[in-house]
Amino acid sequence: MKIERIETFQVQWSPDESPNQRSAYVRIWTDDGLHGIGEASPMQGGLASLNMIAHNIAPAIIGADPLDHAVIQDRLMHRLVKLGPEGALTGALAAIDIALWDLKGKRFGLPIYKLLGGAWRTELPFYASIGGNGIERSLDDVLRIVEKRMEDQPSAIKIRFDNHRVDLDVQIPDHIEKARAVRKLVGDKFPLAFDSNNGYSTGGALRVGRVLEELDYWWFEEPVQHYHVKAMGEVARKLSITVSAGEQTYTMGGLVELIEAGVPMIQPDIVKMGGVTGLQRCAALAHSHGVELVSHQTQPTVGHMVNMHVCAAQLHSTKPCEWNDPSTRMHAIFDEVPMPKDGLFRLSERPGLGMDFDEKALAERRIDVTA
Ligand code: CA
């Protein structure tokens with residue numbers, strides 16, 4: 001079995017969207033007619049990653065054995081490191097790795113979790129991850145959207161405050177008011193998490209963190225700028241609430257720095273950091289340091305599905321899987337998409353990812369990115 005051809009394309013979800021809002025996929029074909037699908041981080045439409053795949057990665061791996069996915073990843077990481085070892089390059093390598101694991105599953109007729117050594121669980125609880133709760137949404141609107149997402153029976157809810165990382169601390173009163181109101185809405189016992197998306201100074205983060213402790217929130221995500229690793233650690237050490245970070249970290253060394261600074265829960269993302277191969281390595285790192293690995297994941301189709309395969313095979317699963325604001329329009333191009341039932345996602349025994357493209361629907365929406 002050899003890699004014969006690699007397709008790189010964006011998928012357009014609606015006609016009026018910008019290219020930067022599209023999702024980024026890769027499909028790898030072998031000489032015996034199998035194919036695997038992967039997804040890259042969709043930042044700015046994933047265009048930088050897709051261009052790297054088309055220009056730099058595809059020519060280097062045509063003819064390679066797909067089962068050599070770890071060798072392929074490490075070789076390309078070193079060969080292309082001067083393109084920047086963070087962000088677009090790791091997103092590109094992640095997409096390739098996911099597609100190669102999908103291929104491997106199809107080659108052996110087994111789901112990815114089985115190839116990882118087996119699942120501790122194939123029924124996975126999730127937390128509803130709700131973005132956009134800053135000043136763009138009124139307090140009442142926040143409560144209404146939380147109520148709406150509760151209908152999916154999540155085992156926890158995370159409220160995110162997005163897009164104010166150049167304007168630190170000014171919205172703290174608004175955030176605290178909303179955190180209190182959501183706690184009141186869902187009751188004392190329901191698990192809640194709070195994501196500031198890097199919105200605070202160290203002092204501001206401590207102020208908010210103490211309120212979250214009083215309100216018994218489960219974790220406090222990215223309280224300060226992600227690149228201020230020492231500050232992230234200081235906030236984590238001074239608060240008793242679990243502080244988490246790592247969705248903007250792309251290397252094992254970067255995760256080690258967070259852990260050594262004192263962050264007890266790391267959140268690497270499978271479509272940003274090495275795919276299945278990369279996330280498995282992160283899990284080993286977290287386990288060996290005694291910190292929690294709760295992977296970040298906001299892509300509702302391939303990213304979410306592949307993330308659940310790795311979560312299913314992980315020894316300790318201390319928190320539910322992230323499920324982002326669901327957008328069912330993305331379901332149009334797949335024959336099967338992950339959807340929860342009675343509060344659980346269920347992984348099937350279908351080979352590889354357990355999902356594939358609907359060719360006709362895909363043809364109508366794909367926008368090829370070629371070398
Ligand atoms: Ca986050």
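Modeller: Happy to help! Accessible areas here come from the Shrake-Rupley method with a 1.4 Å probe, and for residues only the protein chains shown count as cover. This is a predicted model, where local features need pLDDT of at least 70, side-chain atom pairs count only at pLDDT 80 or more, and totals for chains, interfaces and linings use all residues. Residues are numbered from 1 along each chain as its sequence is written, and side-chain values use heavy atoms, with hydrogens and water left out.

Biologist: Thanks! What share of the area exposed by the protein chain do carbon and sulfur atoms supply?

Modeller: The protein chain exposes about 14,900 Å². Of that area, carbon and sulfur atoms supply 51%.

Biologist: And what percentage of the residues of the protein chain count as buried?

Modeller: Buried means under 20% relative accessible area, exposed over 50%, and partly exposed in between (1.4 Å probe, protein chains only). Among the 371 residues of the protein chain, the buried share is 60%.

Biologist: Which residues are the protein donors of the calcium ion?

Modeller: Donors are N, O and S atoms within 2.8 Å of the metal (3.2 Å for Na, K and Ca); water is not among the atoms, so sites may look incomplete. Along the chain, the donors follow the spacing D-x25-E-x25-E. Lying 2.1 to 2.3 Å from the calcium ion, they are Asp-195 (OD), Glu-221 (OE) and Glu-247 (OE).

Biologist: Is Glu-221 buried or exposed?

Modeller: Asp-195 has a relative accessible area of 1%, so Asp-195 is buried. Glu-221 has 0% relative accessibility, so Glu-221 counts as buried.
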